[in-house]
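Here are my notes on the structure you sent over, set out as numbered points. I hope they are handy while you have the coordinates open.

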Amino acid sequence: MTIGDISPKKERKSRRSKHVDEKAPLLPKRQDEAGGYDEFNGASFTGAVFNLSTTIVGAGIMALPATMKVLGLILGIAMIVFMAFLTDASIEFLLRFSRAGKSTSYGGLMGNAFGKYGRIFLQVCVLVNNIGVLIVYMIIIGDVLSGTSSSGVHHAGVLEGWFGEHWWNGRTFVLIVTTLGIFSPLACFKRIDSLRFTSALSVALAVVFLVITVGIAIIKLISGTVMMPRLLPDVTDLTSFWKLFTVVPVLVTAYICHYNVHSIDNELEDSTQIRPVVRTALALCSTVYIMTSFFGFLLFGDATMDDVLANFDTNLGIPYSSLLNDAVRVSYAAHLMLVFPIVFYPLRLNMDGLLFPYSRPLAQSNTRFACITAGLVAVIFLGANFIPSIWDAFQFTGATAAVCLGFIFPAAVTLRNHHFIATKKDKMLALFMIVLAVFSNAVAIYSDAYALFKKNSGAGPRA
């Protein structure tokens with residue numbers, strides 16, 4: 001049906017011993033009830049942590065240093081830690097109610113709580129969120145490698161800077177090669193655990209960016225060319241006060257990974273490890289987030305841009321500045337390439353669940369698997385290359401879908417309390433999640449609409 005419906009949940013504590021129920025039907029009534037891989041002994045703890053961490057750390061990491069500019073280091077870091085704990089609580093809701101209802105997927109959980117339309121709504125949100133995220137990733141990769149033009153000004157890409165302007169390092173050709181040579185092969189794996197090595201490399205590339213940032217900041221700190229960063233927000237009037245809330249959407253969506261939790265849980269050799277996996281991944285990502293935010297803001301101060309990657313397009317004022325800039329940009333583009341299949345995995349499962357909810361598991365139908373994979377990759381490629389305003393559209397829909405997946409749906413399931421296991425504390429926390437998510441979404445929509453209106457009435461459309 002939807003996320004992670006390809007592995008059995010019964011007797012999963014040790015997957016090495018198989019159990020056959022002689023009374024089980026020969027064909028499943030729904031995809032949720034189907035078994036999976038006969039020769040797969042279960043995913044490891046480390047592989048699960050890397051896969052979940054890669055799901056979390058996408059493009060949003062580049063927006064976090066700018067939140068420090070608005071909130072100050074103390075409040076900004078406190079908010080990063082707070083959102084990690086809140087995300088852990090929302091995932092705990094998902095897992096607890098999934099266990100109670102014997103649901104092996106996020107969609108199955110929503111179906112148990114709210115019926116057919118709850119499941120469909122969840123699947124649509126995953127499609128909107130993940131297609132939007134992957135299109136944005138592809139646009140960023142094209143910008144980094146091949147350059148971009150905005151308001152009549154051309155920003156050279158890495159390949160253009162190295163080799164000059166040629167047909168083979170143009171945006172469309174580079175993205176065709178990337179899609180056929182990297183995205184498509186990695187999208188063909190039928191188990192999410194098969195991506196554990198690319199996920200580990202993806203996390204390592206994020207750490208490379210962090211190490212370079214830390215190194216540059218320390219060098220400039222020793223030489224006395226950086227100022228002490230602001231610790232608290234600078235609130236001088238009502239406008240600056242309202243500006244504090246513009247960073248809420250960035251922080252609220254920083255840890256969204258809920259659509260992959262069931263897939264990872266279903267493949268674990270020991271299902272009791274999922275809670276430690278979640279907490280380890282959140283701790284790892286929180287550490288990366290905090291250090292990136294701290295040293296990024298320390299390095300650039302009030303000149304920190306909304307996307308800190310843009311700061312690495314200028315002279316850093318140290319030896320080998322150009323080389324370090326290119327290293328940051330290339331490592332970031334490579335990181336996004338390896339995040340792509342992790343985000344694509346639940347997208348394909350939910351598309352299949354939406355179109356073929358009562359068919360056998362997707363992994364057991366090569367034709368369906370190949371057609372859905374090829375179709376989605378083609379849609380993402382066309383969206384990134386030939387629909388100029390698609391980024392603007394997904395700024396609105398993506399913000400709504402992300403907060404639904406991360407907080408509104410888990411909270412709604414808890415408040416629905418279909419299995420009567422929610423405590424009063426759970427319900428209060430769930431209500432807080434919904435209020436925070438709705439507020440965050442309202443701020444995001446207002447900010448995006450205002451920025452879009454200002455851009456259209458001023459400099460002109462994005463080239």
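1. Helix α1 passes α11 in a right-handed crossing. In this predicted model, the axes of α1 (residues 45–56) and α11 (residues 274–300) come within 9 Å and cross at roughly 50°. That angle makes α1 oblique to α11, since angles from 65 to 115 degrees would count as roughly perpendicular and those under 35 as roughly parallel.

2. A second helix pair is worth a look alongside that one. Helices α6 and α12 (residues 321–355) pack at an angle of about 50°, and their axes are 9 Å apart. The two helices are therefore oblique to each other, and the crossing of α6 and α12 is right-handed.

3. Helix α6 also turns up at the surface. A nonpolar patch there is formed by Trp-162, Phe-163, Trp-167, Trp-168, Phe-173, Val-177 and Val-330, with about 740 Å² of accessible area together. Which helices each supply at least two residues of the patch? They are α5 (158–163) and α6 (171–187). Trp-162 has its place in helix α5, and with a relative accessible area of 47% Trp-162 is partly exposed.

4. Now to the charged pairs. Side chains of opposite charge can pair when their charged atoms come close. A search of the whole structure finds nine salt bridges. One of them joins Arg-279 to Asp-88, with the closest N and O atoms 3.5 Å apart. This pair links distant parts of the chain, as Arg-279 sits in helix α11 and Asp-88 in helix α3, 191 residues apart. Asp-88 is buried, at a relative accessible area of 12%. Asp-88 and Arg-279 also belong to a network of salt bridges that includes Arg-275.

5. Helix α3 takes part in another salt bridge, in which the side chains of Arg-96 and Asp-426 meet at 2.7 Å, N to O. Arg-96 lies in helix α3 and Asp-426 in helix α15, so the pair ties together parts that are 330 residues apart in sequence. Are the two partners buried or partly exposed? Arg-96 counts as partly exposed at 23% relative accessibility, whereas Asp-426, at 10%, counts as buried.

6. Helix α12 comes back here with a salt bridge of its own: the side chains of Asp-352 and Arg-368 meet at 2.6 Å, N to O. Asp-352 is in helix α12 and Arg-368 in helix α13 (residues 366–386), 16 residues apart. Both Asp-352 and Arg-368 are buried.

7. If you check the backbone, two loop residues deserve a glance. Most residues other than glycine have a negative phi. Lys-102, however, has a positive phi near 55°; Lys-102 is found in the loop between α3 (73–101) and α4 (106–146), and at 73% relative accessibility Lys-102 counts as exposed. Phe-420 likewise has a positive phi, near 55°. Phe-420 lies in the loop between α14 and α15 (424–457) and counts as exposed, with 73% relative accessibility.

8. One last residue is in helix α14 (residues 390–416), where Pro-410 has its place. Pro-410 counts as buried, at 0% relative accessibility. How far apart are Pro-410 and Ser-90 in space, C-alpha to C-alpha? The distance is 5.9 Å, although Pro-410 and Ser-90 are 320 residues apart in sequence.

Note on methods. Residues are numbered from 1 along each chain as its sequence is written. This is a predicted model: local features need pLDDT of at least 70, side-chain atom pairs count only at pLDDT 80 or more; totals for chains, interfaces and linings use all residues. Side-chain values use heavy atoms; hydrogens and water are left out. Patches are made of residues with over 30% relative accessible area and no salt bridge: like charges are joined within 9 Å, nonpolar side chains (Val, Leu, Ile, Met, Phe, Trp, Tyr) within 5 Å. Accessible areas come from the Shrake-Rupley method with a 1.4 Å probe; for residues, only the protein chains shown count as cover. A salt bridge is a side-chain nitrogen of Lys or Arg within 4 Å of a carboxyl oxygen of Asp or Glu. Helices (H or I, at least four residues) and strands (E, at least two) are DSSP runs, numbered from the N terminus. Buried means under 20% relative accessible area, exposed over 50%, partly exposed in between (1.4 Å probe, protein chains only). Axes are lines fitted to C-alpha atoms, for helices over the stretch in contact, and angles run from 0 to 180 degrees between N-to-C directions. Angles under 35 degrees count as roughly parallel, over 145 as roughly antiparallel, 65 to 115 as roughly perpendicular and the rest as oblique. A crossing is left-handed if the near helix is turned anticlockwise from the far one by less than a right angle, and right-handed if clockwise.
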